Amino acid sequence: TSIHSLMLTMDEFPKELKEKPKAFVGVVGLNLENANHKAVWDTLSRPQEYSAISFKILGPNYKFPPPKPKKQYYERYVPRGILKKGWVNKHLNEIPAVVAIFFELDLVNTSEWQEKKAACVEVIQKIRNALVNRDTRMALILLQRESSLPPGDDVVVSERAAALCNMANINSKAFYMLPCSDHLRQYIIRIEVALLELAQSYYANAAKVVKNHKDFLNETNHMVLYVRHPFKMAFHHEMKQDLSSALKLYQQAYGQVFRMRFSDANLHEIKTVAGIINYKICHLQFRNNVPRDAIIQYKKHMDAFKNLIGPADLAFEHWAWLSRQAELFGEIFEEAIQLGLEAAQTQHPGVYYDQAVQFSYSRKNHSIRLCSNATVLPSPNPLSEASNVDYYGQRPWRGNRHTMEISDQNLEKQGIMALQFMERSVNHSEIIISQLINSIAQYKKYNCPRTTRKLNVLMAQEFTVLKDYKKALTILMGVLWQYRSDKWWIILTDILQKAYQLALCTTSSTEYVGLGLELLNNDCLLSKDKKIKVLNDLKKVSMGLAPQECDTSNPLWEIAKVSPIITVDITDYMSCIQCKTRFHSSTVSADSTGTIDVYLWYDGPESLELSKMTINLNSSQFGVIVSSEPIILMPGQFYLRSVNYTPSPQDVGREIQVTSVSADIGTSITLRWMDGCSSYVSHDITVPKLIVMGLNKDDPCYKFQIVVPCSNVLISPRSSELDVSIIHCAPSLVGEWYPMTINIKNTEEDTICDVILDFNLSHHSERNLEQTTLLTARRPDESEMQPGRLHHINLGKMEPNEEKNIVFYMKATSEGLRNYLLRIFYDITVMSGTSSFVCHCNKEMYFDVQVVFPFHITDSKLSLMLDPIVLPAMSEPFILMCNVDCLSPWPLVLQDSKLQFGLGEYKLADGGTDSQLRGVSINNGEKAAECFCIVADPSNKSKQMTSDSPCFNVYWRRKDNKDVPLACTSVPILVPPASTSMIYVDADVPSNGWVRTPLHVKYCLYNRGARILDLKVTIEPNEMFMISGNRTFRLRILPESKQVITFNLYPLQAGQVPIPKLKLITITGDEDGNSHDLILESTLKRLLPSHIFILPQSKKVIPAGVVTVM
């Protein structure tokens, strides 16, 4: 037998006790080669997380465990142990609570019923015989071929089912019919519920049977049964899924453990059983969602047994048991969290995994101390019967007996030696590593970084014990950066030494050099002698030799020496050599030379020589040598090296950075600081000031710490020497062609080539201005204009002092401030030392152009009598007066004006005339006006509702600028749709008259409506005139016709006198007569003159003068 198989289960917990107890149901009669049977089994055995039943197929040759004979008397019965090993597994997997018998018998099919009913009864009887003296329940499930169950009132099926139950002695409640149909799962779920009820009744009866034994027990001989029987009852209740009752019984069994007498002979068995019961209690408390009670139970359990070590020679067993208890509690705690329990940072599974680790360390220490002399396994082997032990925790050499005293001391001594010998073969480091992995995972999950680091260091130590040096080094390198950030030099020094030795063992030359330089740091708490030894080893490595403390016969170092260069990224190490880089300025012109300062600080124990130093930039000029001469670094000294560099033309506009600084030690080591600076050197200007507080300004450390690194510089274009001026006459006017002249003079010392000009609105302008601004570099032409920008205008080359003028034209369609950016690009050849290169230059200029409106145009609508009107009438001419107010600061010339009609109803009444504003010059603050006589055309009546209003267009230019095209300012005129009047009156009145001279007045009345107009015509007298003839009469006017009426007036007074008023009244029978009269009155008031000029009578005949009629 192998050593592993002989070992006792100190490190193992019975697997059957970890399983979730479920009601065990045996399945008989399913042949998995049959498709219907396999479908039934697949549904039964589907994975269910919360299922309470465990199904198992019982084959035709399955043998049930034989029942134990019942005890008639307990007086003479002496139990041999507390808990038997196979009892839990027997009830979980061997003895079913219910046997479910599946049989294909279609009760509807008469011929099949006659043939198979006897076979079905025979199968049931065979299983009943196998379960004799067992209380296992039996259930019969008939598989039906029909897709659905027969109706409940089917007399034939009911009679056959009753007959079959009677013949097989099966309770009708345990008889089921299962159709193999699409709804198989729903049917099986119903059957599972019924089977669970049968199983629960079985386990309830089993617990009752155990409980009935209590009356036969006595505490003198049967103390172990006071523990065993509550445990069995609790387990039966757990199988029944009655968790509260199971918890109470487990707690009762746990309490009975402490009523037993403890001795070195039985302590191991008692602790094993107590651990099992404690596991069950804590597990159920977590499942019942009372985690606080579970934690209290665990702590109570550990406190009770922590000091019960047992035999001193087997102390390692006690610490192994404690470790396993803590690990088991961590496992069930973690399982509860996966099911939804919330843990805290101070109370989570990692705490208990960590306890398991500490107990495992104690076990390891006791094992080393106690088992060092157990080098031979005693013969005969006392552990040979370990696999035949019937009870948990009993010793193999005691013959399955629970005893309080040791009967054979020699045999006991041999057994202890065998256990010590077995303990020596235990790999404690593997056990500790597995526990550490679990603990680290939990501490990471609950954000405990410092504890995680500590556990990682412990894991690295265990890998070192296992001689897996690479894993150990990887783990330590992963936590070192955190300890560096905290600067805990006591801890950091210890870890650095361990990592340094691991790098030596694994021949990891890169880590070996980096860690060695870090150990030389002045803050490292290593003695000076050890630092000098480390430095000497590094010097040997730099010459291509193996370290002094390394075994020269180590083939790994021989292989490592084949590599000629060891490149070490020293950036993340707190090395004894620290580096900073600083550009003299944040920007450097493309045609100038820049300077980089390299600062070094060294605080090693002795001098160290750097053979070469190089700066690498992210530029086409990749490497800049700082020093090709050796640099001797003395302890506690500060070094400054400056190097000049010339920017590359390809780097113009880029930010040049120091990618790395390289320094060579000897011929085999190259140190590299990425970004030109150590990671633990601050880039904040305030931090160095805090570091150097209290230091002497003459101290070299002060000089180094006060330097603020600056590892990047912007390469700016060469400064342009062009003389650029912009000539324009602001402000610009909306709509005009605004010229802007750009004067460029080459004031460079040499010819410039490839002169390119870009002209566009800058980003300072509003976004919407780009679409309302047109630019062109040619003669004004809207077809060639671009919105807001002109790109890549090639001006060729320019000789020194040569001038060029470029004229741009802008047309703005909205007011506002335009900010323009003018950029000129060109190439010029410049000298750098003895060499020349082409340098790209550019010149940028910003300038503003304010755009304002040239005019403010308003309009007014007047009647022919020059009275304001609001609503024009159809076919009645009226006057549209357009007023132009000049807002321009420059004199303007109005070349033309035009009233442009769209698709609306209006048109010019006189057919159109020349512009009244043509050639007019207007200055700021002056006004100009133009009148148009327009009329609403009835023929365009269908277009009255159109939104196309007339536009008043004014064509103009600046008075002093005749070379640019005319600008046009267009203003829409809002004219409401014309109203329709039912009557129109045209008056024929002389321009003047004379006193006492008859005056003839004629009125022409037009009916524009669709109905006949019956009017009452009246002329009202006044004191200025005498009227001859009828003053009142009736008049009828047909649709679309007219009537003419004439009156003779006799003037009585001279002057501007009112004409007798004509009054029209409609004669209608409807209610709208009054409204019609009001319309007629307003129409007459609008159309007829109200006054006439009467001249006095003279003896001489005076020719008629021109008199204005109002």
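Student: Where is Ile752 found in this structure?

Tutor: Keep in mind that this is a predicted model. Ile752 sits in strand β21, which covers residues 752-761.

Student: Is Ile752 buried or exposed?

Tutor: The idea is to look at relative accessible area, where under 20% means buried. Ile752 has 0% relative accessibility, so it counts as buried.

Student: Which residues does Ile752 touch, leaving out those up to four places away in sequence?

Tutor: Contacts tell you what surrounds a residue in space. For Ile752 they are Leu722, Asn746, Lys797, Met798, Tyr826, Asp827 and Ile828.

Student: And what separates the C-alpha atoms of Ile752 and Met459?

Tutor: Those two C-alpha atoms are 71 Å apart, while along the chain the residues are 293 places from each other.

Student: Let's stay with strand β21. What is the phi of Asp754?

Tutor: For this feature, check the sign of phi and whether the residue is glycine. Asp754, which is also found in strand β21, has a phi near 50°. That is a positive value, and Asp754 is a residue other than glycine.

Student: Which other spot can I compare? What is the phi of Asn447?

Tutor: Asn447 has a phi near 55°, again a positive value in a residue that isn't glycine. Asn447 lies in a loop, the one between α15 (428-445) and α16 (449-465).

Student: Is Asn447 buried or exposed?

Tutor: Here you need the other cut-off: exposed means over 50%. Asn447 reaches 56% relative accessibility, so it counts as exposed.

Student: Now the surface. Which residues form the negative surface patch?

Tutor: Look for acidic residues, since Asp and Glu count as negative. In this patch they are Glu721, Glu749, Asp750 and Glu799.

Student: Where is the place of Glu721?

Tutor: Glu721 is in the loop that runs between β17 (712-716) and β18 (723-727). With a relative accessible area of 42%, Glu721 is partly exposed.

Student: One last feature: cis peptide bonds. Which residues does the one with omega of about 5° join?

Tutor: Omega is the angle to read here. The bond you mean joins Ala730 and Pro731. Pro731 is found in the loop between β18 and β19 (732-733).

Student: What is the peptide bond from Ser379 to Pro380 like?

Tutor: The bond from Ser379 to Pro380 is cis too, with omega near 0°. You can find Pro380 in the loop between α13 (349-370) and α14 (409-424).

How values were computed. Residues are numbered from 1 along each chain as its sequence is written. This is a predicted model: local features need pLDDT of at least 70, side-chain atom pairs count only at pLDDT 80 or more; totals for chains, interfaces and linings use all residues. Side-chain values use heavy atoms; hydrogens and water are left out. Helices (H or I, at least four residues) and strands (E, at least two) are DSSP runs, numbered from the N terminus. Buried means under 20% relative accessible area, exposed over 50%, partly exposed in between (1.4 Å probe, protein chains only). Contact means heavy atoms within 4.5 Å. Patches are made of residues with over 30% relative accessible area and no salt bridge: like charges are joined within 9 Å, nonpolar side chains (Val, Leu, Ile, Met, Phe, Trp, Tyr) within 5 Å. Accessible areas come from the Shrake-Rupley method with a 1.4 Å probe; for residues, only the protein chains shown count as cover. A salt bridge is a side-chain nitrogen of Lys or Arg within 4 Å of a carboxyl oxygen of Asp or Glu. The place of a charge is taken as NZ of Lys, CZ of Arg, CG of Asp or CD of Glu.
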